[in-house]
Amino acid sequence: MRLLKYVTSLILLFGFITVLPAGNTGKIAGRVLDKETGEPLVGVNVYIINSSFGAATDEDGFFYILQVPPGKYDLRASYVGYHNFTIRELRVQVDLTTTVNIELTPETMEAPVIEVVAEQNLVQKDITSTRRTTTRSTIEQTPGLENTSDIFKLQGASFVDAAPQAIQIGEGQRLEVRDESIKNVHVRGGRGGEILYMVDGMPVTHPLYGGRSVLELNVIDVEEVELLTGAFNAEYGQAQSGVVNITTRSGGEKFMGGVEHKTDVWHPLGASHNLQYTSFYLGGPELITRNVLPSIGLEVPGKMNFFISGNGNVTNTAYSNSRTRDEIDIFGIQFDEKQDNQGNLNTKLDWQFTDQMKLSLSYHGSWKQWSRFSWPWQKYPDHMVDYSRNSQNWGFRFNHTVSKSTFYNINFSYLGLNYRSSLDGTKPYEFWNFYPDSAAYANNNPISYKDWKAGYGGGTPYEITSSIEAPNFDLSRFYDNDGYENNWRNDLTSTFTAKGDLTSQIHPEHLVKTGYLVQYHDIKYVDIQDGGTKLSYYGLWKYENEGQETAPPPGPFPEFGQNRWVFNSYPLEGGFYIQDKYEKESLIINAGLRLDWFVPGETVFDEDYQEQWEAATGQNADWKRLRYAVSPRFGISFPISQKTVVFFSYGHFNQLPELQFFYRDPYSGGFTGNPGLDYEQTILYEFGLTHQFARDWALDVKSYSKDISQQVGSIRTVAALGLPVDLYDNNGYSRARGLEFELNKRYSYNISGKATYTVQWATGYSSSAFEDYIRSQNDFPNPIRERPTNWDIRHQVVVQSTLSAPKKDPINLFGVNLPANWDMTVLYRFSTGQPYTPGTNDPAEAQKKENAATGPSSMTTDLKIRKTFDVYKDLKFVFYADIFNVFDQKNPQLAYGFNTWTGEPYKYGDIYQNTDQYYDYYVMYSLMDPRQYSLGRYAKFGVSINW
């Protein structure tokens, strides 16, 4: 308690000074000179048209404008005695400086209205680490970008697992490692879960599973997505591989809106998945405070703007499991359930109540209900569990501009997440039949658990049986009619975040940021994997008089399930940072220091808990109450010329392991949490060169090296009752090395795009926290050297190219202007194969050759075509088609139906391992999972109306 009071005091103390991490605004800076004399002009007004952002030049003609949201703006310079100068479509990016140098013409000289259109920078001189920015226009043009997680399709050195991780724990039981809808994203050779997700400057990563996305924001709500993969600044914490920084849209002074619908029901180019998608958005000035209240004499100071968007998406997916479908009721509207059903609602209200102060309120809600496809369950899909996940994110932000050079933000947010899985909502005790006496058993006249508790006080029944069996394979190697999945999951997590930042341009060459972050987690975790088919050790003693007297395990339904984990935990974590950005014409330095800390909470220091943990693991519960890690960050950029920039960066990146690895309780044996885990650490070195070699062409070259230590794995111990326990431990390590080459083409002659080539080496002790457990199940020894990780993809190529014919720049063919207002984007991806272990019957050989072979390469081409019709003023109709895997490539997926003996997907005619015996028909049919190849050619068609 004394520690908690100490931490709370620190929070309150620093709360009046500053509040933390990442920003989601940029900066405009430059100099204004007299065009005739070259002398600096003092007091020139430089401002963004139709906004409150502006500045005046100093005695040397320099100016800067801080906290500009990302986007394109019209910038104007105005000075008495000089012609106005306007720059159109000037682009501002998060955390970067857009440099503008202006020469004003005296009014004594005749000159037309001076307006120029800003060109997109090909060389950004103040970048000191790798960052990729995707704007809303790019998102709208590119095929397959439907939510923010799709951004990785555009990036080299990234790989998304084909399947969620699950572990077979024997007797047909399957351990859900995480939320079944979550797939690991690997960036630059890192494990899954090493990414920080930010929305409007606030972290929204998964409370239980670390660096994984919780809010699947629809792209209609997004203004810009920035992916940082290099040695990012000290303001970003809890990430080892990358940062996804999402800026959502806001309303302006002009009303805007739109609706969209797309479907695959019309499917001339591939199969239909029965997809229906609908979205809407609306934004502009808020009418109640501007019109309604003033009409009754109530004046609200300042201006309010709003933005609201939502979408619904239902589909049977590419692999329908053919389950019995119900109806879904949303706000009184009923529609047929499909295999995957999800929706989002997003709102934002901005109140600029003075020129210096602004409030923002936001809400992001997402709902998802689904069931998975499993090939072994194809005969009895209704015997599988189904899932749901609801997330609610509320945000409050206060922005105060103290002066033209100093501002601060105060942020508070709430993130709530409820994840459930069950067999049609059946609770574990509802599977069990209680027979109070021999007559009831002979006549097969059982009573329910509740009746047994009420009528017999919960004593020892004559007999207790389950109405179901654990999953069992039939002769055809598929699950039979008697077995059922029966796990029960009910996770409810709440995260309360306070954060902010203080930013000050303390000197024309120094931009200093400092801040802190505090997060309080309220975690309620219930995971009972086999409650419908097994009694717990407590249940065996209580109902069948087996074993010695056992205390009930924590959580609901204590009599049921031998693979069960239930915990309530209240950890506290946070960080402090300070950072300086030094900018000169020929030198930019980003230097910062970050301190992260973690308090695991009082529940793991409870005396009974510690005694149980020590008895189960044989280890000492001598955990620290406070853990911390220090992360220095440094980046330096040398703009050699206007067309060439070189940079180097170095940093330490510390991240807490998944909180589930701390808290899985020790009462049931099996996987057990370790409250003594420490931070995982990555040390990264990066070198970069960008050179513009032609007017619209630039080459970007990056090299990186990552040393990763303290990764979570597991060790096996045997303690209480002689039961084996797999205890999480910081015993893993890995390395990643790579080169990235990116060729960028700025829009000209109706074409724009980029091509990225990555070569990478990723090796390590293990590919997941569960690999030592999997080795023990197969009697494999632990490795003594590094080997390729599962995501060691050697070569990757990504090409994104857009041919567009805007109204102001139609395509001219043989002197004739073709119809305008259309664009076509091609997205091509190629990668060499994943590593796999060649087939062998010798465990020692398998250990030596783990991930020594490489699977087949993959290649796919996606296409998006859009045509816009201007109907009336700002009213536009857009028709489009998304076509995936245009050439219908058959790309193997190693996670499903892959024959490690042949190095190809299973097919008829394969022989059984290293013998002369062919697989028979039934065995081969069971091995040929339809997901052994990725999705073939497939198309979606849509229409949107925008104004």
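**View 1. Glu-614 counts as partly exposed, because its relative accessibility is 35%, and it lies in helix α7, which spans residues 607-617.** The model shown here and in the views that follow is a predicted one. Glu-614 takes part in a negative surface patch, whose other members are Asp-606, Glu-607, Asp-608, Glu-611 and Asp-622.

**View 2. Helix α7 has a buried side and a face turned away from that side.** Tyr-609, Gln-610, Trp-613, Ala-616 and Thr-617 are the buried residues of α7. These residues cover an arc of only 130° around the axis, and they are therefore placed on the same side of the helix α7. The face turned away from the buried side of α7 carries Glu-607 and Asp-608, both of which are exposed; Glu-607 and Asp-608 also belong to the negative surface patch that includes Glu-614.

**View 3. Glu-602 and Arg-625 meet through their side chains in a salt bridge, with an N to O distance of 3.0 Å.** Because Glu-602 lies in the loop between β35 (587-599) and α7, while Arg-625 lies in the loop between α7 and β36 (627-641), the pair ties together parts that are 23 residues apart in sequence. Glu-602 has a relative accessibility of 43% and so counts as partly exposed. Arg-625, with a relative accessibility of 38%, likewise counts as partly exposed.

**View 4. Glu-658 and Arg-212 form a salt bridge in which the closest N and O atoms are 3.2 Å apart.** This pair links distant parts of the chain, since Glu-658 is found in the loop between β37 (644-655) and α8 (659-663), whereas Arg-212 is found in strand β17 (residues 210-213), the two being 446 residues apart. Both Glu-658 and Arg-212 are buried. The structure as a whole holds 56 salt bridges, and the one between Glu-658 and Arg-212 is among them.

**View 5. Asp-696 and Arg-695 are joined by a salt bridge between their side chains, at 3.1 Å from N to O.** Asp-696 has a relative accessible area of 7% and is therefore buried, whereas Arg-695, at 54% relative accessibility, counts as exposed. Elsewhere, salt bridges that share partners join Arg-132, Arg-188, Glu-686, Asp-700, Lys-702, Glu-740 and Glu-742 into one network.

**View 6. Tyr-538 has its place in helix α6, which runs over residues 537-544.** The relative accessible area of Tyr-538 is 12%, so this residue is buried, the cut-off for a buried residue being under 20%. Between the C-alpha atoms of Tyr-538 and Thr-278 there are 50 Å in space, and the two residues are 260 residues apart in sequence.

**View 7. Pro-301 has its place in the loop between α3 (287-295) and β22 (303-315).** Pro-301 counts as partly exposed because its relative accessibility is 48%, a value that falls short of the cut-off for an exposed residue, which is over 50%. The C-alpha atom of Pro-301 is separated by 8.9 Å from that of Thr-289, a residue 12 residues apart from Pro-301 along the chain.

Methods. Residues numbered from 1 in each chain as written. Predicted model: local features only at pLDDT ≥ 70, side-chain atom pairs only at ≥ 80, totals over all residues. Heavy atoms only, no water. Patch = residues over 30% accessible without salt bridge, like charges linked within 9 Å, V, L, I, M, F, W, Y side chains within 5 Å. Areas by Shrake-Rupley, 256 points an atom, 1.4 Å probe, with all protein chains shown as cover. Salt bridge = Lys/Arg side-chain N within 4 Å of Asp/Glu carboxyl O. Lys, Arg positive; Asp, Glu negative; His and termini not counted. Charge placed at Lys NZ, Arg CZ, Asp CG, Glu CD. Helix = DSSP H or I, 4+ residues; strand = E, 2+ residues; numbered from the N terminus. Buried < 20%, exposed > 50% of the residue type's maximum accessible area, 1.4 Å probe, protein only. Arc of directions from axis to C-beta.
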